[in-house]
Amino acid sequence: MLNSMDSKPILYSYFRSSCSWRVRIALALKGIAYDQVPVNLLKDGGQQFSAEFKALNPMQQVPALKIDGITLSQSLAIIHYLEETRPNPKLLPQGPKKRAQVRMISDHIVSGIQPLQNLSILQRMGEKKMEWAQQCITSGFQALEQILQHTAGRYCVGDEVSMADLCLVPQVFNAERYKVDLSPYPTITRINKALLELEAFKASHPSRQPDTPAELRA
Amino acid sequence: MASEKPILYSYFRSSCSWRVRIALALKGIAYDQVPVNLLKDGGQQFSAEFKALNPMQQVPALKIDGITLSQSLAIIHYLEETRPNPKLLPQGPKKRAQVRMISDHIVSGIQPLQNLSILQRMGEKKMEWAQQCITSGFQALEQILQHTAGRYCVGDEVSMADLCLVPQVFNAERYKVDLSPYPTITRINKALLELEAFKASHPSRQPDTPAELRA
């Protein structure tokens, strides 16, 4: 079904974009080789706003993935596509109820937390940006901690890595970046720590990307 | 499976709740509705009782098959996987990815930026803020739809993307966004609103619709 003559996928990514990191983890976990084209969200007024990038992705955001002759955006749409076309290892469990839990946790982070503290919003908050980011993340993590106490095993849902875990780690990185006190969230903290021991989460880390600035490089 | 009827916790004007109401209607799933008023009593979603049901303190929440789910797209995917007909996702992975991409753009990229809690923080700038978020999102969406749309958002079958589109257009109209730059969005929205499932689930026809807004 997959043409062996297809060129390597190309990921448009920013080292510190949590949405891009989710997809980098998925590609690493599934052992999919790809080329990366960095898009600097700050330089030149934001390279995501160039006419060239807009033609590629009208949403003018990273990540975008060129794969199998199409270009996709939206991290969870991309991850679902990878899951359906490169099914091993699985990023969604078998049963519909567990799958729903994985999606619920993923969506909570991807719709309920991250967009409220993404770059364009924070830029509009001006000097209130740190406080704003902390509020959004704290509020979201309070709910998430409760949910995870119900669903978690070794990872977010049971004992297998899932799409929810791909969303969790980048969001915890953001929380740390905005100096959110994580002590009220022991389950989030424990799971994050366990995931960061896995090679796919390390290799895809913001500190180890082609566009990571020298002073932030691991 | 002789389970009890599902229970949907919903607010008439919540676009996230509306998406799920459409899915339930399209799939012919009978359910009971418990209204949660997001404005009264400081917001009923913040009650201890509702928080125990859904720690995220948001609507919709759906009690079904012995579990409680939140997040509209997680709920819709669950309905799709357990009550597969009619389908809300096309067959091929590429078309499915287009449906999800459009859905996620609305559900993560537009709606959260103009939902109730954010607008309350914007105070007197709330109308302008909502218009900016929706305009920006619709500019991108119009371009994408020109590439993917047939009769509906992706091809000629109703999909999850359409369930996300109609409530977002309703919000756009509510915040007086000029929709003339978006002919594809407008055309698709109009076609969808002719379908019974989109009408029956409309904010103007819910148990908790205020009398002055009732259809």
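In the predicted model, residues 4–87 of chain B carry the UniProt feature "domain: GST N-terminal", taken from an unreviewed entry. Helix makes up 35% of this span and strand 19%, and the C-alpha atoms at its two ends are 23 Å apart. A second feature from UniProt, "domain: GST C-terminal", likewise rests on an unreviewed entry and is placed at residues 92–211 of chain B. In that span the helix content is 64% and the strand content 0%, with 44 Å between the end C-alpha atoms.

Chains A and B form an interface in which 35 residues of chain A are in contact with 35 residues of chain B. The size of an interface is often expressed as the accessible area lost when the parts come together. For chain A and chain B, the buried area amounts to about 3400 Å², and carbon and sulfur atoms account for 66% of it. Polar interactions also occur across this interface: 11 residue pairs, both members at pLDDT 80 or more, are in polar contact. On the side of chain A that touches chain B, at least two residues each are supplied by β4 (70–73), α3 (75–85), α4 (96–112), α5 (119–125) and α6 (129–151) of chain A. Of these elements, α4(A) provides the largest share, with 10 residues.

Salt bridges across the interface of chain A and chain B number 4. A salt bridge also joins the side chains of R100(B) and E84(A), with an N to O distance of 3.0 Å. E84(A) is in contact with R96(B) as well. R96(B) is located in helix α4 of chain B, which covers residues 93–109. Because its relative accessibility is 18%, and the cut-off for a buried residue is under 20%, R96(B) counts as buried. Beyond its neighbours within four places in sequence, the contacts of R96(B) within chain B are with L89(B), P90(B) and Q91(B).

In soluble globular proteins, nonpolar side chains tend to be buried together. The largest nonpolar core of the model comprises 120 residues. The residues with the most contacts inside this core are I105(A), F141(A) and L168(A) in chain A, together with I102(B), F138(B) and L165(B) in chain B. When neighbours within four places in sequence are left aside, L165(B) is in contact with I106(B), L141(B), C153(B), I185(B), I188(B), N189(B) and L192(B).

Technical notes:
Residues numbered from 1 in each chain as written. Chains lettered and ligands numbered in written order. Predicted model: local features only at pLDDT ≥ 70, side-chain atom pairs only at ≥ 80, totals over all residues. Heavy atoms only, no water. Core = buried A, V, L, I, M, F, W, Y, C linked by side-chain atoms within 4.5 Å. Buried < 20%, exposed > 50% of the residue type's maximum accessible area, 1.4 Å probe, protein only. Contact = heavy atoms within 4.5 Å. UniProt positions renumbered as here; feature names shortened; annotations may be inferred. Helix = DSSP H or I, 4+ residues; strand = E, 2+ residues; numbered from the N terminus. Buried area = accessible area lost by both parts, 1.4 Å probe. Polar contact = N/O pair within 3.5 Å; in protein donor to acceptor, adjacent residues only side chain to side chain.
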